[in-house]
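User: I have a model open and want to go through it piece by piece. Please keep the answers short and reasoned.

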Amino acid sequence: MKTEEKTKKQELSVEERYTQWKSLVPVLYDWLANHNLVWPSLSCRWGPVIEQATYKNRQRLYLSEQTDGTVPNTLVIANCEIVKPRVAAAEHISQFNEESRSPFVKKFKTILHPGEVNRIRELPQNSNIVATHTDSPDVFIWDIESQPTRQANLGSPVSRPDLILTGHKDNAEFALAMSPTEPFVLSGGKDRFVILWSIQDHISSLATDPGSTKSSKAGGIKTSKADVSDYSPASSPSVQARGTFQGHENTVEDVQFCPSSAQEFCSVGDDSCLILWDARSGFTPAVKVEKAHDADLHCVDWNPHDVNFILTGSADNSVRMFDRRKLTSGPVHIFAGHSEAVLCVQWSPDRSSVFGSSAEDGVLNMWDHKLIGQQDNPNGLFFRHAGHRDKVVDFHFNSSDPWTIVSVSDDCESTSGGGTLQIWRMLDLLYKPEEEALADLERYKDHLLSCSV
């Protein structure tokens, strides 16, 4: 009985928080789109911009759909209308319907995935190429543009990946990354290995194969000719690993490349360790932090603007920032702003000191470590996105519009539904330097004063 009462109180607090957040939407956001998903989505990523217009851009969005088995699991490619800053009307922002499907999000293509889609990562050199992790040892590579769209019907054969990366000895479900500098792929799994591949190895091996076809885009994939009716993943070409790195003592949960080198990368796992690797010096850890957190580590990200800083998120509810020049000295700062396990961390592509973190508490926090210690902001937390009512499993900054974020929550436990997709952009006055914000307010003072309250 006590457990039921506790659960009811927790549910009430979530609803109260959500109601409070919704009342503040018009003053916190420049734009917000809410899309109710039929199935939970464990991963969301921005793809390329495909059309630009005066008031909005059209951009690809990659989503996973994790079904209950009555229909196949899918990798969804959607077209999103991204409203440009200061274009959306305040009435539209305040009157969004959280139960509806957003007119800004339209499904474009469906790939029937072999197993559930746990993680999606796009290739920086060609964002039409994506890698997916599933509940198996293999990593699948997909050329989004060349893949045919499929109907997700019971019994439909799965789509055939353009390439399969092999090497894991056990399931590799979540740890996945692609290098910003070269077409390299990194993965970690239950076998405790971190494995490195080069997509270029497969392209090179087919260079003299007269039966192969070549993608016309840079970073594309050559695949052997096959019957289009043959959708068995086993018929897809495969590539072996360049290296298998051993140092973790439990499941590897996340991996990330150094932004300036495809030979340097880091990994975190259920052994509470943060490990730095250098492929040029062998297959053992370059630096190992034994007790990076007080519990399992779920996520890691490497600062694209300052390669000295690495973020980690953990089941101990905290985010920690490490300086790779002095890793063994412990974190340079601990960010405590979540009440449950942190699931995802990511640095902003636009500002070197800003990052986001999402957690099982249903909140996506925005931090600026340069604000730490200021009188009105002692811990660097400057924005809380509380629009989700269950665990926020993934989010992604839009590199084409860095303050526009896509986030997904798994709402099965709280609403018995699927998931919630939200695309949002906070009001720019919240992150602009104080001088710029005041200048903006002064510029629009007459208009603001003329508005009826």
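User: In which loop is Asn 317 found?

Analyst: This is a predicted model. Asn 317 has a positive phi of about 75°, although it is not a glycine. The flanking elements are strand S22 and strand S23. Asn 317 is found in the loop between strand S22 (309-314) and strand S23 (318-323).

User: Is Asn 317 buried, partly exposed or exposed?

Analyst: Buried means under 20% relative accessible area, and exposed means over 50%. Asn 317 has 23% relative accessibility, so it counts as partly exposed.

User: Which residue other than glycine has phi near 60°, and where does it lie?

Analyst: The loop in question runs between strand S4 (74-83) and helix H2 (90-94). Its residue with this positive phi is partly exposed, with a relative accessible area of 40%. Phi near 60° belongs to Arg 86. The loop between S4 and H2 is where to find Arg 86.

User: Which residues does Val 342 touch, beyond those up to four places away in sequence?

Analyst: Val 342 lies in strand S25 (residues 342-347). Its relative accessible area is 0%, so Val 342 is buried. The residues that Val 342 touches are His 298, Cys 299, Gly 313, Ser 314, Asn 317, Ser 318, Val 319, Ser 357, Ser 358 and Ala 359.

User: How far apart in space are Val 342 and His 298?

Analyst: The two residues are 44 residues apart in sequence. They are also in contact, as His 298 is one of the residues that Val 342 touches. C-alpha to C-alpha, Val 342 and His 298 are separated by 7.0 Å.

User: Which residue makes a side-chain polar contact with Ser 43?

Analyst: Ser 43 sits in the loop between strand S1 (29-37) and strand S2 (44-52). With a relative accessible area of 0%, Ser 43 is buried. Among the residues touching it are Tyr 62, Asn 118, Arg 119 and Asp 394. The side-chain polar contact, at 3.2 Å, is with Asp 394.

User: Why is the pair of Phe 355 and Trp 367 called stacked?

Analyst: Ring centres must lie within 6.5 Å to pair, and planes under 30 degrees apart count as stacked. There are 17 aromatic pairs by this rule. The centres of Phe 355 and Trp 367 are 6.1 Å apart, and the pair is stacked because the planes stand at 15°.

User: Which strands does the pair of Phe 355 and Trp 367 tie together?

Analyst: Phe 355 and Trp 367 are both buried. They are 12 residues apart in sequence. Since each lies in a strand, the pair ties together strand S26 (residues 354-359) and strand S27 (residues 364-368).

User: What is the geometry of the pair of Phe 395 and Phe 397?

Analyst: Both rings belong to buried residues, Phe 395 and Phe 397. Their centres are 6.1 Å apart. Planes over 60 degrees apart count as edge-to-face. The planes here are at 75°, so the pair is edge-to-face.

User: In what order do the strands of the open sheet with mixed pairing run?

Analyst: The sheet has 5 strands. At its edges are strand S6 (119-123) and strand S15 (238-239), each pairing on one side only. The order is S6-S7-S8-S9-S15.

User: How many bridges join S6 to S7, and which residue stands opposite Leu 123?

Analyst: Strand S7 covers residues 126-133, and S6 and S7 run antiparallel. The number of bridges joining them is 5. Opposite Leu 123, in S7, stands Asn 126.

User: Which residues does the UniProt annotation "repeat: WD" cover?

Analyst: The annotation comes from an unreviewed entry. In the model, residues 290-323 are 0% helix and 53% strand, with end C-alpha atoms 15 Å apart. Residues 335-368 are 0% helix and 56% strand, with end C-alpha atoms 10 Å apart. The record's annotation covers residues 245-287, 290-323 and 335-368.

User: What share of the residues in the chain is buried?

Analyst: The chain holds 6 helices and 31 strands. It exposes about 19900 Å², with 49% supplied by carbon and sulfur atoms. Of the 453 residues, the buried share is 55%.

Key. Residues numbered from 1 in each chain as written. Predicted model: local features only at pLDDT ≥ 70, side-chain atom pairs only at ≥ 80, totals over all residues. Heavy atoms only, no water. Helix = DSSP H or I, 4+ residues; strand = E, 2+ residues; numbered from the N terminus. Buried < 20%, exposed > 50% of the residue type's maximum accessible area, 1.4 Å probe, protein only. Polar contact = N/O pair within 3.5 Å; in protein donor to acceptor, adjacent residues only side chain to side chain. Contact = heavy atoms within 4.5 Å. UniProt positions renumbered as here; feature names shortened; annotations may be inferred. Pairing = 2+ DSSP bridges. Areas by Shrake-Rupley, 256 points an atom, 1.4 Å probe, with all protein chains shown as cover. Phe/Tyr/Trp six-rings, centres within 6.5 Å; stacked < 30°, edge-to-face > 60°.
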